[in-house]
Amino acid sequence: MSGSELLFCLLPSILALILFLILIKRKQNRLNLPPGSMGFPFLGETIGYLKPYSATSIGEFMEKHISRYGKIYKSNLFGEPTIVSADAGLNRFILQNEGRLFECSYPRSIGGILGKWSMLVLVGDMHRDMRIISLNFLSHARLRTHLLREVENHTLLVLSTWKDGSTFSAQDEAKKFTFNLMAKHIMSMDPGKPETEQLKKEYVTFMKGVVSAPLNLPGTAYRKALRSRSTILKFIEQKMDDRIQRMREGNEDLEEDDLLGWVLKHSNLSTEQILDLILSLLFAGHETSSVAISLAIYFLPCCPTAIQQLREEHIEIARAKKEAGETELNWEDYKKMEFTQCVISETLRLGNVVRFLHRKALKDVRYKGYDIPCGWKVLPVIAAVHLDPLLFDHPQHFNPWRWQNNNSRGSSSSSYSNNMTSSNNFMPFGGGPRLCAGSELAKLEMAVFIHHLVLNYHWDLADMDQAFAFPFVDFPKGLPIRVHHLSTHLAYNRRN
Ligand code: HEM
């Protein structure tokens, strides 16, 4: 076929494409899009958006964009036209309208690595079914009857290895704690056993890939993570087969009370779905909580009065337990940890473990006079709200007292309506129908860890380190700390 014949054949398609682009452009011109810049072709502004910055700030990119365009702006991120929102009201509106106006929409690479049945990427009925299973397994009743005891045992297991005067990575210790807890709760795997250690090792490689650029090329972290993913899945599948075999043999009393046992008995999920559910819960429950605990360890030494007040609260709890002859924390003890809850909220507000969420518009949406076109990506940036000086006084200051008596703004003269507005603006666990399924477990983990930490140890930072947002939060040096045993007669550790 000659060149002119080829051109003649392609002409209708080319014309159709040009017409389509003109129509889109016309429609966009009619729309009142928020101000902003679409950056370079293809790349957009993604590189600037993802440039690492201090986790207690919103970063230079966000600062500059907000000051130039306001809290709602357009951009081109992750290869798609995007509306970025640092506006508390819009963020709430987006999350509360999940499934109606907006829908969860993580980059395809996340689905590639966590699996297509992972809760993070599922939408609609399948998401609802998986969510019911997760909520059932992380219910309030289970927290009281099973998880509190497990959380305390795993805390003590980690803390009991901390030698007086030693220096180590607090982040690694926090990861050890949350990984062991999740592995036990999900698949009844015991800490320290060779299979648990093997899975942990594989999981580290997997995690490096989750947070790396999604380049499936030889030698990249992403490629290695995909390999680790299949090793981990094979491992979980083996556990599943063993469990099914035992169930068939009628060994009821050998059945463990864990997530794996529960889904096998009470759900009709396929093997592939169970594998992705387990992998994604291991991921959701392990990474986030360990970062949150590391952040608390990092913030507290800069605020000795908070450590002092925490210690008083926990000494009081420990004293009452000693008098009652009890050795294990119970739910009533947990409920007494009121100032601790303020420290937890402040850690989550200032550290922002999850900084922004990925959504897309399902319809054309109008908000505060701006149009958000159907199909556009929408990023509610929860960190920007938590660090907004109009909503939280001196937002860069670690001030747990701002949460006392619901006074979340941090000022001494906040009115009732201000208080309500500020607690509405606090969304470390997201919101709406996709609110974090493990939020109560995460707070329990942090509280119990802090309880034994402040009762048993004094600690300081052994080397300068800082929390960075990559945008996932991480301490480049692993947060090295030096610990000293406290000699208080109330410090207790059942394992010693
Ligand atoms: C401080 C610790 C944690 C933080 C800051 C956190 C934050 C979040 C956020 C912001 C979301 C919403 C994601 C979205 O809407 O796109 C989420 C979802 C989720 N989180 Fe957490 N999380 C934490 C701990 C945990 C723990 C311990 C678990 C337990 C396994 C867990 C399980 C989940 C699950 C299953 C979802 C998906 C919920 C759904 O799609 O319906 N998280 N988390």
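**Surroundings of Cys436, the nonpolar core and helix α10**

Cys436 lies in the loop that joins α17 (416–424) to α18 (439–456), where helices are DSSP runs of H or I with at least four residues, numbered from the N terminus. The model is predicted, and local features need pLDDT of at least 70, side-chain atom pairs count only at pLDDT 80 or more, and totals for chains, interfaces and linings use all residues. Residues are numbered from 1 along each chain as its sequence is written. An unreviewed UniProt entry places a "binding site" feature at Cys436; such annotations may be inferred rather than shown by experiment. Cys436 is partly exposed, because 19 other C-beta atoms lie within 10 Å, given that 20 or more would make a residue buried and 12 or fewer exposed, with C-beta atoms placed from the backbone.

The largest nonpolar core, a set of buried Ala, Val, Leu, Ile, Met, Phe, Trp, Tyr and Cys residues joined through C-beta atoms within 7 Å, has 113 residues, and Ile186, Ile278 and Met446 are among those with the most contacts inside it. Helix α12 (residues 271–299) gives the most to this core, with 16 residues.

Helix α10 (residues 221–248) has 28 residues, which at 1.5 Å a residue should span 40 Å, and its end C-alpha atoms are 40 Å apart, in agreement; the expected span is 1.5 Å times one less than the number of residues. Buried residues of α10 include Ala225, Ile232 and Ile236, and the elements that cover its buried residues include α9 (194–210) and α12. After α10 comes Gly250, with a positive phi near 80°.

Notes: Helix = DSSP H or I, 4+ residues; strand = E, 2+ residues; numbered from the N terminus. Contact = placed C-beta atoms within 7 Å.
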